[in-house]
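Reader: Hi! I've got a structure to look over with you. Mind if I throw some quick questions at you?

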Amino acid sequence: MKTISRLALGLSMACLLPLTTHAGEVEVLHWWTSGGEKRAADTLQKLLEEKGHVWKDFAVAGGGGEAAMTVLKTRAVSGNPPAAAQIKGPNIQEWGQLGLLADLTAVANQGQWDKLLPEQLAEVVKYDGHYVAVPLNIHRVNWLWINPTVFAKVGLQPPTTLDELFSAADKLKAAGYIAIAHGGQPWQDGTLFENLVLAILGPEGYHKAFVEQDPATLTSAKMAEAFATLRKLRSYIDADAAGRDWNAATGLLIDGKAGMQIMGDWAKSEWTAAGKVAGKDYQCVVFPGTQGRFIYNMDSLVMFKLSNEANRQAQDDLARTVLEPKFQEFFNQNKGSIPVRLDQDMSSFDSCAQKSMQDFKQAASNGGLEPSLAHDMAASSYVQGAVFDVVTNFFNSPDMPPEKAAEQLAAAIKAVQ
Ligand code: GAL
């Protein structure tokens, strides 16, 4: 009897063994450290740990990810990259050329990623025809966030044109509110600027400027108008904005100190974390003048080549988990984005996410998707850096003529091409 139970115990231990030997560790680099975004990242950690793996958090604070990318380069140069890192858009190609990325073809074929993902976006996470990254979500950048209680106190309606936006801002300012909650970082200035470029130059102009980097468009009168409008917007931002993080700016809106914020829908993660309800406690309005268009920003985890087999399997499991409907639901509801799986059931999502999904599908079907420059989707990090330098310099130089800024923009881009 004793022998049998020992054998049984041995067998059941043997059954457990594969699990134990396959448990690996994945180190994941990201910059989701704000209250709301951390909750989103935690959902991935939890699901991975449920699969028996160890999550090693490699969070580098700093919105927009500039600090995270600097740290990643140091780690990669010393031959010790993490298993996964949040790298996006054309930058994935640069990393691919270094020969450091893992090939996710087997996982992707098994999960039929080609069928699940929007075609245009699937290409972004492939290098040389192979998947090297897994997309997590789709963020929309052309949003205007509104505190409806503040708007009601001042007797305002959500603006639908730039003129209405400025007239609402005048009234908010006169009533003693911060009209536009903003922070003081180049990528935040860049986020305002790209919204204005889409509103003022239209979709063709936006594409020519940021994707084709066409000198005539970059130096055009319309581009100068976009800079002039940026200066006007700045006059509605409070004097303490310098150095402020985006989530602190969202906090001003949540606390009823400010009326509006121009920001991608990761801002929604802060409202959600504060227990606020879309459509009731806050409103999402498509940025005035960009209706029918969708500036997208897709987060993705790039996978680096690993030598340890258990860790490699954990990495594959991470990639699989990200596209599971359960993760897509939990993560995106906390993150403020929409699922990258277009077959996802949206019934448990809030009204902003439902509108975003509807608008994304419509824009995708009629050529209305625009890649975000400020969030790494439109151009290389060098071009993005050049645009940020010119925009932030102009933002902080009250006497610079807008035409000069447009010329500087073309010259700065040319210098890094
Ligand atoms: C974006 C990123 C978002 C969010 C935002 C603020 O670049 O794609 O997920 O984190 O920065 O940090």
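Reader: Let's start with β13: which residue stands opposite M303 in that strand?
Author: That would be A84. Keep in mind as we go that this is a predicted model. A84 belongs to the pairing of strand β3 (residues 84–86) with β13, which is antiparallel and has three bridges.

Reader: Cool. And how many bridges join β6 to β13?
Author: Three bridges join them, and strand β6 (residues 133–135) and β13 run antiparallel. In that pairing, P135 stands opposite S300 in β13.

Reader: Are the residues on the two faces of β13 buried or exposed?
Author: Buried, on both sides of the strand, which spans residues 300–303. S300 and V302 are on one side, L301 and M303 are on the other, and all of them are buried.

Reader: Switching sheets: what's the strand order in the open one with four strands?
Author: The order is β14-β7-β12-β15, and the pairing is mixed. At the edges sit β14 (338–339) and β15 (369–371), each pairing on one side only.

Reader: And which helix packs on that sheet?
Author: Helix α16 (residues 325–335) does, with contacts to β7 and β14. The direction of α16 makes about 20° with that of β7.

Reader: Nice. In what sense do β7 and β12 pair?
Author: Antiparallel, over two bridges, with β7 covering residues 137–140 and β12 covering residues 294–297. One facing pair there is H139 and N297.

Reader: Pockets next, of course. How much space lies in the largest pocket?
Author: About 490 Å³. The lining of the largest pocket is made by 24 residues, and E66, M69, K73, S381 and Q384 lie nearest its centre.

Reader: Which elements give two or more residues to that lining?
Author: Four helices do: α3 (66–77), α4 (91–97), α10 and α18.

Reader: Tell me about α18, then. What does it reach from its first C-alpha to its last?
Author: Helix α18 (residues 381–395) reaches 20 Å with its 15 residues, close to the 21 Å expected at 1.5 Å a residue.

Reader: Which elements do the buried residues of α18 pack against?
Author: They pack against α10 (186–211), α12 (221–234) and α19 (402–416). Among the buried residues of α18 are V383, Q384, F388 and F395. Q384 is also one of the residues that lie nearest the centre of the largest pocket.

Reader: Let's zoom in on A386. Why does it count as buried?
Author: A386 has a relative accessible area of 6%, so it counts as buried, because the cut-off is under 20%. A386 is found in helix α18.

Reader: What does A386 touch, leaving out residues up to four places away in sequence?
Author: A386 touches A412, I413 and V416. As for L409, 23 residues apart from A386 along the chain, the two C-alpha atoms are separated by 7.5 Å.

Reader: One last residue: is K171 buried or partly exposed?
Author: Partly exposed, because its relative accessible area is 44%, which falls between the 20% and 50% cut-offs. K171 is found in helix α9 (residues 162–174).

Reader: And which residues is K171 in contact with, leaving aside neighbours within four places in sequence?
Author: V154 and L156. If you're also looking at K280, that residue is 109 residues apart from K171 along the chain, and their C-alpha atoms are separated by 22 Å.

Reader: Great, thanks for the tour!

Conventions:
Residues are numbered from 1 along each chain as its sequence is written. This is a predicted model: local features need pLDDT of at least 70, side-chain atom pairs count only at pLDDT 80 or more; totals for chains, interfaces and linings use all residues. Side-chain values use heavy atoms; hydrogens and water are left out. Two strands pair if DSSP finds at least two bridges between them. Contact means heavy atoms within 4.5 Å. Axes are lines fitted to C-alpha atoms, for helices over the stretch in contact, and angles run from 0 to 180 degrees between N-to-C directions. The expected span of a helix is 1.5 Å times one less than its number of residues. Buried means under 20% relative accessible area, exposed over 50%, partly exposed in between (1.4 Å probe, protein chains only). On a 1 Å grid over the protein atoms alone, a cavity is a set of points where a 1.4 Å probe fits but cannot get out, and a pocket is an open set with protein on both sides within 12 Å along at least five of seven lines; lining residues have an atom within 4 Å of a point. Grid points are joined across faces, edges and corners, and a volume is the space filled by probe spheres set on the points.
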